[in-house]
Every structure is written in structure tokens, then in C-alpha cells.
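Open the model in your viewer and keep the selection tool at hand. The tour goes from one selection to the next.

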Amino acid sequence: LTQDDLKKIAAYKAVEFVESGMVLGLGTGSTAKHAVDRIGELLRQGKLKNIIGIPTSKKTHEQAVSLGIPLSDLDTHPTVDLAIDGADEVDPGLNLVKGRGGSLLREKMVESACKRFIVIVDESKCVHFIGESGLAMPVEVVPFCWKFSAQRLQNLFEYAGCVAKLRTEKESSSRPFVTDNGNFIVDLYFKEDIGDLKIASDKILRLAGVVEHGMFLDMASTVIVAGELGITIKHK
Ligand code: DER
């Protein structure tokens, strides 16, 4: 089974929790893509009816439009029945790192407005503690004086050997990546465990210039993990 097969297995399992008439948060990324495709397919087959999708990115919006999924937004539907989305890291307490695809702000807005948030991952995303993968922990910042914000973020986590880097459009280019909301992303890389996640989250959000970060703490209701040996479903 390839990693993409596992992503698809987790995604299809999550869609089994979708009922006709639901307002659905539609996630972003290569795993959530399979869930959105599956929802579109069931709608087309008439097996699902009266679904309203709330996309978490322009990319997902376009995918849903191409599948004929009726769409709306949080202004019209401030409460979402169910959201299905991927993650970059999942710890044993179902805390997440998200946003390596750059969509963390709209994802966090939609997923904090939903009654149930199902996370779909292949087993490679499971970690013992947030930051263990050594991969990016994204922070969305306003473009104004982003270097100042990046330096303050790096200083916040000096004890964990933090390095802050501005995300560029591609490895090669020096043009900053711009989010759907017109902001930049500063990626934080840690050498050590950052300790209490709630404290870390509060410290980041207190910095003027920071919009949001990629730690989704105590938000996931269910995590579906697809592995070589099968599917594991963890509930909060
Ligand atoms: O950027 C995001 O938040 C994505 O949902 C990410 O967390 C998971 O993306 P993937 O399914 O492509 O690994």
C-alpha cells in the first residue's frame, strides 16, 4: 500500500460519518482531497443529499465546485456539523500540527466552529509529542515587518533551539508564500520538545503581528489513522 492509498483509506472511512443534510467543513491537503472527492461521488450517486460544504481554502473551494458540491461560508453557517481534514502531526492527546499546506487560518476557523472534527491521517503523521518530526510548525503573520515577527517567534522558543524561516513560494524562489488571506507564513523548527503546548500557544498569539499558528490543541474529536496493518480510530 502506498502512502496515498493509506490517505484514501482514512478519508473514505471518515466520509462514512457524513449524513445527508449536514453542513460539512471541507479540509485542505492531499488526504482531505480524497474525502472531498468521495463526498462529491456519493452526492453524484444520490447516496448523499442536501450537503452544504464550507471549504477551508481556495484550493478546496475550487475542487468542490468542480465536483458540484453546494458551498457556503461561516457567515451563513456559523455552526458546522462535521469537519474532515488532514494533519501534519498527531500526538497521543489528539493535538495536531497543521498548516504545512498554508491553509491553517481558514482551517482553524472552520474546525473550531464544528460540532465534530474528524482528522484523517496515514500512520506516518503519528508522533509522541508535537514537534517531534522536526518539520515545520507554521505561524501565519502579517506581511508588515515579518522579520520582526519571525525574530520574536524564534526568541520565544530559544530554549527549544528554535529556528524561524519565512516560507517562500518554492524552495528556489525568494518570493514569500502568500496565504489565501494575504499573509505570510513563518515556519518554526524545533530541536527540543517545546513543553506545555497551551503555554506555547498563548505566547505565540500574544505577539502583535501574529495572526494564527498551526497547533490545533484539544480540537479533534476523532482521529482516523490508516496503517499497513489496518485502520485505527481514536476518540477524544
Ligand atoms: O496544511 C494543512 O493543514 C493540511 O491539512 C496538512 O495538515 C495535511 O496535509 P496532507 O494531508 O497533504 O499531508
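This is a predicted model. Start by selecting Thr28 together with the ligand: a backbone N or O atom of Thr28 lies 2.7 Å from an oxygen atom of the ligand. Next, add Asp85, where a polar side-chain atom lies 3.3 Å from a ligand oxygen atom. Then add Arg100; here a polar backbone atom is 3.4 Å from an oxygen atom of the ligand. Taken alone, the ligand exposes 350 Å², and the protein buries 91% of that.

Now show the surroundings of the ligand. The ligand sits in the largest pocket. Around the ligand there are 16 residues, of which Thr28, Ser30, Thr31, Glu107 and Lys125 come nearest. Colour this shell by residue type: 1 residue is nonpolar, 8 are polar and 7 are charged.

Leave the ligand and turn to the aromatic rings. How many aromatic pairs are there? The count comes to 2. For one of them, select Phe157 and Tyr159: this pair is tilted, with 6.1 Å from centre to centre and 55° between the planes. Are these two residues buried or exposed? Phe157 has a relative accessible area of 0%, so Phe157 counts as buried. Tyr159 is partly exposed because its relative accessible area is 47%, and partly exposed covers values between 20% and 50%.

Keep Phe157 selected and add Phe190. Phe157 and Phe190 form an edge-to-face pair, with 5.4 Å from centre to centre and 75° between the planes. The label edge-to-face applies because planes over 60 degrees apart are counted that way.

Conventions:
Residues numbered from 1 in each chain as written. Predicted model: local features only at pLDDT ≥ 70, side-chain atom pairs only at ≥ 80, totals over all residues. Heavy atoms only, no water. Near = heavy atom within 4 Å. Polar contact = N/O pair within 3.5 Å; in protein donor to acceptor, adjacent residues only side chain to side chain. Areas by Shrake-Rupley, 256 points an atom, 1.4 Å probe, with all protein chains shown as cover. 1 Å grid on protein atoms, 1.4 Å probe; cavity = no way out; pocket = protein on both sides within 12 Å on 5 of 7 lines; lining within 4 Å. Sits in = over half its atoms within 2 Å of the grid points. Nonpolar A, V, L, I, M, F, W, Y, C, P; charged D, E, K, R; others polar. Phe/Tyr/Trp six-rings, centres within 6.5 Å; stacked < 30°, edge-to-face > 60°. Buried < 20%, exposed > 50% of the residue type's maximum accessible area, 1.4 Å probe, protein only.
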